[in-house]
Amino acid sequence: MIRVRVPATSANLGPGFDVIGVALSIFNEVWVEASKELKIEVFGEGANDISKGQDNLVYRAICRVFDKIKKEPEPIKLTLKNTIPLARGLGSSSAAIVGGLVAGNAYLGFPLNDEELLRMAVEIEGHPDNVAPALFGGVTICTQIPKLLCVKLPIFELDVVLAVPDFEIKTSDSRKILPREVPFEDAKMNVTNVAFLITALYTKRYELLEIGMQDRLHQPYRSKLIPGFHEVLKRAREAGALGVALSGSGPTIIALTKSPQAVAQAMAETFKEHGVNVKTLITHPQEMGALELVDVE
Ligand code: HSE
């Protein structure tokens with residue numbers, strides 16, 4: 001039996017669109033064992049909605065590992081225990097892809113190295129900023145141009161509050177509303193803010209996070225899909241959030257803070273005033289990714 005634990009992730013951290021992601025302390029588990037026929041069971045998040053057939057994303061990722069080493073996929077029993085909310089900007093599809101690739105690799109005796117797994121995960125997902133922290137843990141900085149490159153940084157010592165609205169936004173849809181071009185000033189501001197974000201996190205100059213978490217590349221466009229967005233950011237800051245932003249492609253809002261309870265309450269109340277029910281989660285950056293969280297019996 002193979003068991004893999006894969007963390008949730010928040011991509012596009014602040015101004016780090018398609019580049020910076022962080023692994024969080026919420027997990028999905030993928031269990032794989034030999035079977036006479038394909039059997040998929042899903043528990044927790046998405047138990048009723050996720051496919052239990054051949055098109056299941058975790059199963060497809062496992063099959064990619066078989067394909068890669070030119071082996072016919074074998075029948076397996078796949079058990080998915082999910083706690084990562086689906087289509088909320090917390091990396092649920094990346095967790096499925098990475099969970100499948102890492103579990104498939106372990107099932108087959110670890111034929112693929114970390115770089116091959118990352119490359120395959122990016123191929124399936126299309127961008128690296130969720131799959132990289134799901135695989136490696138920590139904070140990851142990635143690019144695909146001119147070639148795929150990924151650096152892992154240590155985790156930072158702040159709590160991460162997530163306000164998770166009760167509606168879904170699919171990344172494929174929310175990429176379509178992004179502009180082809182952005183004003184030069186906005187591009188300049190994002191470059192500036194990324195520098196402040198990394199400085200703030202790794203020199204513990206947390207007062208710089210207010211600037212360091214601001215984005216002008218995707219948030220202005222995607223925030224229109226989220227009622228009360230700007231008010232939630234403002235009230236979270238007033239309650240003690242050091243930096244606040246959209247998580248991934250939304251609709252979850254992420255706040256970095258040292259006073260998580262107060263921030264969670266402020267975010268939930270403000271969303272409620274705008275007619276949105278949210279679940280708030282108090283999480284932490286997670287040092288270990290799926291690669292370190294494999295258990296083989
Ligand atoms: N960088 C991706 C996006 C993350 O913003 O579309 C969401 O999966």
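**Exercise 1.** How many Å separate an oxygen atom of the ligand from an N or O atom in the side chain of Asn-12?

*Solution.* The model is a predicted one. In it, the distance between the ligand oxygen and the side-chain N or O atom of Asn-12 is 2.7 Å. The cut-off for a polar contact between N or O atoms is 3.5 Å. Two further pairs can be treated in the same manner. For Arg-175, a side-chain N or O atom is 2.5 Å from an oxygen atom of the ligand. For Asp-129, a polar side-chain atom is 2.8 Å from a ligand nitrogen atom. Next comes the area: the ligand taken alone exposes 260 Å², and 97% of that is buried by the protein.

**Exercise 2.** Describe where the ligand sits and which parts of the protein surround it.

*Solution.* Start with the site: the ligand occupies the largest pocket. Two elements each give two or more residues to the shell, namely α4 (128-136) and α5 (171-176). Then list the neighbours. Among the residues around the ligand are Ala-11, Phe-17, Asp-18, His-127, Asn-130, Thr-171, Arg-222 and Ser-249. Sorted by class, the shell holds two nonpolar, five polar and four charged residues. Last, assign domains: domain 1 (2-154 + 285-296) and domain 2 (159-283) each supply at least three residues of the shell.

**Exercise 3.** Find the cis peptide bonds that precede Pro-146 and Pro-251, and place each proline in the fold.

*Solution.* Take Pro-146 first. The bond joining Ile-145 to Pro-146 is cis, with omega about 5°. Pro-146 belongs to the loop between β5 (139-143) and β6 (149-153). Now take Pro-251. The bond from Gly-250 to Pro-251 is also cis, and its omega is near 5°. Pro-251 is in the loop between β8 (241-246) and β9 (253-257).

**Exercise 4.** What is the sign of phi at Lys-70, positive or negative?

*Solution.* Read the backbone angle: phi of Lys-70 is near 55°, hence positive, in a residue other than glycine. Then locate the residue: Lys-70 lies in the loop between α1 (57-68) and β4 (76-82).

Methods. Residues numbered from 1 in each chain as written. Predicted model: local features only at pLDDT ≥ 70, side-chain atom pairs only at ≥ 80, totals over all residues. Heavy atoms only, no water. Near = heavy atom within 4 Å. Polar contact = N/O pair within 3.5 Å; in protein donor to acceptor, adjacent residues only side chain to side chain. Areas by Shrake-Rupley, 256 points an atom, 1.4 Å probe, with all protein chains shown as cover. 1 Å grid on protein atoms, 1.4 Å probe; cavity = no way out; pocket = protein on both sides within 12 Å on 5 of 7 lines; lining within 4 Å. Sits in = over half its atoms within 2 Å of the grid points. Helix = DSSP H or I, 4+ residues; strand = E, 2+ residues; numbered from the N terminus. Nonpolar A, V, L, I, M, F, W, Y, C, P; charged D, E, K, R; others polar. Domains from an automatic or database assignment.
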